[in-house]
Amino acid sequence: MARIELDTLRKEFGETTAVDGISLSVADGEFLVLVGPSGCGKSTLLRTISGLETQTAGDIGVNGEIVNTAPPKERGVAMVFQNYALYPHMSAYRNMTFGLDSHGSFTDDEIEQMVAEVAATLDIQELLDRRPDELSGGEKQRVAMGRALLREPEVFLLDEPLSNLDAKLRDEMRTELTHLHEEIDATTIYVTHDQTEALTLGDRVAVMNDGQIEQVDPPQQLYDVPASQFVAEFIGSPQMNLFEGEVTTVNDQLHVESGRFGTTVPGTSQTVSDRRYTVGVRPEDLYLADEATGHQYSDPFELRVELSETLGDSVVVYATDGETTFQIRTSTRQQFDKGDAVTVVADTRRLHLFDTDTGVAVYHSKDSVSAAHTIR
Ligand code: ATP
């Protein structure tokens, strides 16, 4: 098993800075997910850790040893790619074992035994004689995982391994990956642009933006206490509602005013300067007024329905005050038509404020913070 330390790691391709000074520690046995929009540098970071790319500056440490110039084979890492990178003319068995025998480290019998064990773990015993074109996407993915597992790596680097699978298979493989990780306990870095994968798989999730890490934290902490507006918008579906508001604090009470939205958050101990901020409220923290019971709520405000989406277990209502369109996630089974008037309140225990210029989070209501700390 292995601990990974990245120290101000940088990777440039000509004029493009793909990785912009990243420092990060990944603990022994940890499952760390790198998530972020297309082009933010996730794959480049992973390839640089693996040794497939050489960094422009900075250090990569594995178990306290700097491996900056070590070839991939000597880093104890195995990488699984999005496209599986299987040889089309070879059987699954041969794809998995190719190269294993070349150094004479293992006899044929030993390799056969190793494959049998890995194939049983991945439930691909029946597929070993088939070529890749005779395998489904999920089966190819398992063979590629099997090839990586046979190397008994200390570190697994997975680059969007589920992205070519259909939604159902992706769900199944996600669960299997979690079990597999529990079984083999190798340090894992997993790249995805899918926030559901990130939140469900990661012990911690690093959100990348433009070559840098915006926040690295356990999933619930990311969701409840986003460090920036970028993280708040990227994590959570539907997205957090964001709108500008005037904020004043008087006697430990925080007042927020914005268009028709007005609220007071009592008993706040966090100091916030009086000025305009970007206010954030998650869709599930907005309630239809007649459904709101037992919490502390904002003043009610009236909106007009533009559109509603039924998700089965809930409905997302898009409704506007003429300036801002709010997304409200409600568990009601009610039907909403365009133009309907809805009266809405916000749970004041779950408000977020962001600096409008820098996007940095400056305030989270007490419950967001304490919920995240409880889970941590
Ligand atoms: P995606 O989710 O789309 O795969 P990503 O977050 O993995 O994106 P990278 O593939 O790491 O992003 O790319 C980061 C930046 O570096 C992009 O601007 C990309 O165009 C650039 N880049 C990546 N590889 C190369 C290369 N070999 N040569 C030149 N530029 C590259």
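Me: Which residue follows helix α3, and what is the sign of its phi?

Reply: In this predicted model, α3 is followed by aspartate 123, whose phi is positive, near 60°. Most residues other than glycine have a negative phi.

Me: How do you know that the length of α3 agrees with its number of residues?

Reply: Helix α3 holds 15 residues, 108-122. At 1.5 Å a residue these should span 21 Å, and the C-alpha atoms at the two ends are 21 Å apart, so the two values agree.

Me: Which residues of α3 are buried, and what makes them line one face of the helix?

Reply: The buried residues in α3 are Ile111, Met114, Val115, Val118, Ala119 and Leu122. Viewed down the axis of α3, the buried residues fall within an arc of 130°, and therefore they line one face of the helix. These buried residues pack against α2 (92-97), α4 (137-150) and α5 (167-184).

Me: Why is glutamate 160 called buried?

Reply: A residue counts as buried when its relative accessible area is under 20%. Glutamate 160 has 10%, so glutamate 160 is buried. Glutamate 160 lies in the loop between β7 (155-159) and α5, and its phi is positive, near 45°.

Me: Why is asparagine 63 called partly exposed?

Reply: Partly exposed residues fall between the limit for buried, under 20%, and that for exposed, over 50%. Asparagine 63 has a relative accessibility of 37%, so it counts as partly exposed. Asparagine 63 is found in the loop between β4 (57-62) and β5 (65-66); although asparagine 63 is not a glycine, its phi is positive, about 50°.

Me: What makes the bond from serine 237 to proline 238 cis?

Reply: The omega of this peptide bond is near 0°, and the bond is cis. Most peptide bonds are trans. Proline 238 is placed in the loop between α8 (229-234) and β11 (241-250).

Me: What makes the pair formed by serine 38 and the ligand a polar contact?

Reply: A polar contact requires N or O atoms within 3.5 Å. A polar side-chain atom of serine 38 lies 2.6 Å from an oxygen atom of the ligand, so this pair meets the cut-off. Polar backbone atoms also lie beside ligand oxygen atoms: that of glycine 39 at 2.8 Å, and that of cysteine 40 at 3.1 Å. Taken alone, the ligand exposes 630 Å², of which the protein buries 58%.

Me: Which element gives the most to the shell around the ligand?

Reply: Helix α1 gives the most, with three residues.

Methods: Residues numbered from 1 in each chain as written. Predicted model: local features only at pLDDT ≥ 70, side-chain atom pairs only at ≥ 80, totals over all residues. Heavy atoms only, no water. Helix = DSSP H or I, 4+ residues; strand = E, 2+ residues; numbered from the N terminus. Expected span 1.5 Å × (residues − 1). Buried < 20%, exposed > 50% of the residue type's maximum accessible area, 1.4 Å probe, protein only. Arc of directions from axis to C-beta. Contact = heavy atoms within 4.5 Å. Polar contact = N/O pair within 3.5 Å; in protein donor to acceptor, adjacent residues only side chain to side chain. Areas by Shrake-Rupley, 256 points an atom, 1.4 Å probe, with all protein chains shown as cover.
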